[in-house]
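Me: I have a new structure to read, and I would like to learn how. Please take me through the features one at a time.

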Amino acid sequence: MREALLDMIGDLPRDASGPVFREPWEAEAFALTLALYDKGVFSWAEWTEALSQEIKAAGAGDYYDHWLHALEHLVVRKQVTTQDRLYEVRDAWERAAHATPHGEPIDPASNSAARRG
Amino acid sequence: MNDHPDSHHDHEHGSELSEAALRVRALETILTEKGYIDPAALDVIIETYETKIGPRNGARVVARAWRDADFKARLMADATAAIAELGYSGRQGEHMRVVENTPVLHNMVVCTLCSCYPWPVLGLPPVWYKSTPYRSRAVIDPRGVLKDFGVELPVTTRIRVWDSTAEMRYLVLPMRPSGTEGLGEEELAALVTRDSMIGTGLPLSEGRAR
């Protein structure tokens, strides 16, 4: 089922055995998308539309950068969250990362900005 | 919190996430809070696909080192440069160090849940690698952890655990299995498992390659 869906995304970086990722965040973004689809937040047609629009608008560029932008736009359009909230939590993660000694789990929940909303 | 005056070492004492990784974490946090996703379900999806990024790059590095003594010498002296010869390099300029297993020394690598995993050569970290039990037990009881992975080493073999840092990633060079003298690089690479390059496993023996 999923493989059939993924086949609908033309340029998905893949080899003979499936999608390939260069960095962990790419796989995480990929997994988030599949999880939201499973949850019924959007249809696969809506996702491929969002992704292809992103790629068209951006012209060249990195595939998973487009993927991530498309995912952000789609969750905002579906009113799952807002762009401001995405920025806010992103910043909380950055502060938490910088404040976290190496070897400790990074936890933005200890940061007030991530708790709001 | 450590503020380093030298920008070059900004992140020496803190952790770092790339811009894209920060945005993905933000999405994940919000979607989890709102109940749209379950982090455990995400792990399952990632695990399903993680073999696809695969440790094949690392396996090629190991196979080359087994066959080519000059390459191995360069690899042990400057792993980052030697690995780059094969076209594998990270974007964040982390340094690689290769640690070699011998009959008397077994190396094992541990790290944290941040990005300290040599993903240009090993792909995505397995879920257990990021787990608290592995991270804590690997240091306290490496022999016990190895046993859980089905690896029992002679008591005469010392185990050394390497803790990755933000700036130094380790790759274990496992011992070449016996009876593989006639094999080519591709065949050898097929014997090199991901776990054998983390140190929680051993290479496959000849005939067991997939």
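**Reading the strands, cores and salt bridges**

Reply: Start with a strand pair. Strand β1 (residues 95-100) of chain B pairs with β4(B) in the parallel sense, over 6 bridges. Keep in mind that this is a predicted model.

Me: Which residue of β4(B) is the bridge partner of B:V99?

Reply: B:V172 is the bridge partner of B:V99. One general idea helps when you look at strands. In a regular strand, side chains alternate between the two faces of the sheet.

Me: How many residues of strand β4 of chain B are buried?

Reply: Buried means under 20% relative accessible area. In strand β4 (residues 168-173) of chain B, 5 of the 6 residues are buried, so the strand is largely enclosed by the rest of the structure.

Me: Where do these strands fall in the pattern of chain B?

Reply: Read along the sequence, the pattern is α-α-α-α-α-β-β-α-α-α-β-β-α-α. That gives chain B 10 helices and 4 strands.

Me: What share of chain B counts as buried?

Reply: Chain B has 210 residues, and 48% of them count as buried. Its accessible surface comes to about 10100 Å². Carbon and sulfur atoms hold 51% of that surface.

Me: What share of the contacts in chain B joins residues 24 or more positions apart?

Reply: Take the contacts with a separation of 6 or more. Residues 24 or more positions apart account for 68% of these in chain B.

Me: Now the cores. Which residues touch the most other members of the largest nonpolar core?

Reply: The general idea comes first. In soluble globular proteins, nonpolar side chains tend to be buried together. Here the largest nonpolar core has 44 residues, and B:V61, B:L75, B:I83, B:V121, B:Y134 and B:L171 touch the most other members. Helix α3 (residues 56-67) of chain B gives this core its largest share, 6 residues. Another core, of 43 residues, lies apart from it. Its members include A:V41, A:W47, A:Y64 and B:A26.

Me: How many salt bridges does the structure hold?

Reply: There are 14 over all chains. One of them joins the side chains of A:K78 and A:E46, at 2.6 Å from N to O. This pair links distant parts of the chain, 32 residues apart. A:K78 is in the loop between α4 (63-77) and α5 (83-99) of chain A, while A:E46 is in helix α3 (residues 44-58) of chain A.

Me: Are those two residues buried, exposed or partly exposed, and what is the relative accessibility of A:K78 and of A:E46?

Reply: A:K78 is partly exposed, at 33%. A:E46 is partly exposed too, at 30%.

Me: Which chains does the salt bridge between B:E19 and A:R90 join?

Reply: The closest N and O atoms of B:E19 and A:R90 are 2.5 Å apart. B:E19 lies in helix α1 (residues 19-33) of chain B and A:R90 in helix α5 of chain A, so the pair joins two chains. B:E19 is partly exposed, with a relative accessible area of 39%. A:R90 is buried, at 11%. Salt bridges with shared partners join A:R90, A:D91, A:E94 and B:E19 into one network.

Me: Last one. Is B:I140 buried or exposed?

Reply: B:I140 is exposed, because its relative accessible area is 69% and exposed means over 50%. Its place is in helix α7 (residues 132-140) of chain B.

Methods:
Residues numbered from 1 in each chain as written. Chains lettered and ligands numbered in written order. Predicted model: local features only at pLDDT ≥ 70, side-chain atom pairs only at ≥ 80, totals over all residues. Heavy atoms only, no water. Buried < 20%, exposed > 50% of the residue type's maximum accessible area, 1.4 Å probe, protein only. Contact = heavy atoms within 4.5 Å. Areas by Shrake-Rupley, 256 points an atom, 1.4 Å probe, with all protein chains shown as cover. Pairing = 2+ DSSP bridges. Core = buried A, V, L, I, M, F, W, Y, C linked by side-chain atoms within 4.5 Å. Salt bridge = Lys/Arg side-chain N within 4 Å of Asp/Glu carboxyl O.
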